[in-house]
Amino acid sequence: MGEKRKISLTVNGKSYEEEVEVRFHLADFLRQQLGLTGTHLGCEHGVCGACTILMNGRSVRSCLMLAVQADGQDLLTIEGIAPSEEEMHPLQEAFRDNHGLQCGFCTPGMLTTLLEFLDDNPDPTEEEVRIAISGNLCRCTGYQGIVAAALDAAQRLREAKGA
Amino acid sequence: MKPPPFSYHDPSSVGEVINLLETLENPKLLAGGQSLMPMLNMRYVMPDHLIDLNKVEGLSYIEDNKESISIGGMTLQRDLEYSELIKAKCPLMHDALQQIGHRQTRNRGTIGGSLSHLDPAAELPAVCAAHDAVIILQGPGGEREIPFSDFPIAYMTPVTKEDELLTGVKIPIWQEGHGYAFVEFARRHGDFAITSAAALLEVDQGGGITRASLTVGGVGAAPVRMTSIEEALIGQNGDEEKLRELCESCREIDALGDVYASSEYRQHLATVMSRRALVKAYSRSNGGV
């Protein structure tokens, strides 16, 4: 066993204090130690985007960070984006309605990436959406459904804000 | 896929970092980790000690010094991308930043990390070459300033000594209204470019070019300044056929070849990217309009 460290962090609003091996990347920590397996691991070298999470509101690849670096940080994973057990986030609704997923492997990364993007850019063009998800690979949908879902979600979020 | 075991250090001052570099065996500095972490995950690098720079104070800043902009080594690519100062005074860097990796990697990636990793196709080293940037290295003997032209000493190898740390970069700025363009050819958006070109132009009221900088990335072992083209550009007026003719000399660059692109193809792309960058830079300049 390698060197370990104690870290404390917040994930989806819940505080954790954990001892973690320093060489563990954040995605393995979330999946194996906290049991939050919604964050997916595709390539583990920063190409596929499946492991994207939000750290202090910013999208990051959790395979390209060590768990020890998340000490003191506020994380949001796919498990934490819905407002409640019964209700989905407008972005999730839009993905369901627009056939934005098929096998679902890329979906956690797509949603976390788009969550930050739509916050930065609430009224994006289709081209801007395509650039925003350029770091997230999907092998099922051909991206059309995802792009449509993102544009639909943007509108829903704008309307929710305006209401 | 896991990084091999290592000891983890997270110092809070530059002095502590240098001290660790001097005393530890086989250390590696961790900046944003967007290149080093994949290399650790795949065990291309196996350091005994990892020195994380993310808690070191005073390495993240963007400062206006009138004639130049000073940027801290640990400044995030995202912070540079969203900086009004960079957009206004160093628009070439703003242009280049849009083409670096993806939103998620720019949220973690740093300028110092990119410069130290020194991938020949990376955008920020090309921007620094184009702007004649000065790299600031700090070691046990204090600080030294290295002109970017002397910074790369070999493929992916900067002049930085084993006990030194890149703490900042100084970017001399060009006249207000100068033309600029960063263009690249990559297989997919966000991939490392096969070839890139960075152009800066100052143009007088009559439309004549008075100052020029042209850098080609991804072709040589480090970004290449095309000084002969820069000289020939002086007095030219942006005529596209003339620019095409001048850019032909990019075929003489000593080019890398790999499974994705042969050296001849890279040389060809260098002529095309250079022309596109110059045409775009000229059209963006305020001279002659």
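Domain bounds, on which the first stop of this tour depends, come from an automatic or database domain assignment. The model on the screen is a predicted one, and the tour begins with chain B before it turns to chain A.

**Chain B and its domains**

Select chain B and colour residues 7-51 as domain 1, residues 62-172 as domain 2 and residues 179-284 as domain 3, following the division of this chain. If you then place a marker at the centre of domain 1 of chain B and another at the centre of domain 3 of chain B, taken over C-alpha atoms, the two are separated by 36 Å.

**Where chain B touches chain A**

Next, show both chains together and look at the contact, to which chain B gives 23 residues while chain A gives 26 residues. On the side of chain B that touches chain A, select β1 (7-9), α2 (36-41) and α6 (103-106), since each of these elements of chain B supplies at least two residues there. Coloured by class, this side of chain B shows eight nonpolar, eleven polar and four charged residues.

**The two domains of chain A**

Now hide chain B and select residues 4-80 of chain A, which are assigned to domain 1, and then residues 90-162, which are assigned to domain 2. Between the C-alpha centres of these two domains of chain A there are 22 Å, and where the domains meet, 14 residues of domain 1 of chain A are in contact with twelve residues of domain 2 of chain A. On the domain 1 side of this contact, pick out β3 (52-55) and β4 (58-61) of chain A, each of which supplies at least two residues; β3(A) gives the most, with three residues. By class, the same side of domain 1 of chain A has six nonpolar, seven polar and one charged residues.

**Two packed helices in chain A**

For the last stop, select helix α2 (residues 90-97) and helix α5 (residues 144-162) of chain A, which pack at an angle of about 140 degrees with their axes 8 Å apart. Angles over 145 degrees would count as roughly antiparallel, and α2(A) and α5(A) are therefore oblique to each other. The crossing in which α2(A) passes α5(A) is right-handed. To see the contact itself, show the side chains of Pro90(A), Leu91(A), Ala94(A), Phe95(A) and Asp97(A) on α2(A), and, on α5(A), those of Ala149(A), Asp152(A), Ala153(A), Arg156(A), Leu157(A) and Ala160(A). Eight of the residues in this contact of α2(A) with α5(A) are nonpolar, three are charged and none is polar.

Terms used
Residues are numbered from 1 along each chain as its sequence is written. Chains are lettered from A and ligands numbered from 1 in the order in which they are written. This is a predicted model: local features need pLDDT of at least 70, side-chain atom pairs count only at pLDDT 80 or more; totals for chains, interfaces and linings use all residues. Axes are lines fitted to C-alpha atoms, for helices over the stretch in contact, and angles run from 0 to 180 degrees between N-to-C directions. Helices (H or I, at least four residues) and strands (E, at least two) are DSSP runs, numbered from the N terminus. Angles under 35 degrees count as roughly parallel, over 145 as roughly antiparallel, 65 to 115 as roughly perpendicular and the rest as oblique. A crossing is left-handed if the near helix is turned anticlockwise from the far one by less than a right angle, and right-handed if clockwise. Two residues are in contact if their C-beta atoms, placed from the backbone, lie within 7 Å. Ala, Val, Leu, Ile, Met, Phe, Trp, Tyr, Cys and Pro count as nonpolar, Asp, Glu, Lys and Arg as charged, and the others, Gly among them, as polar.
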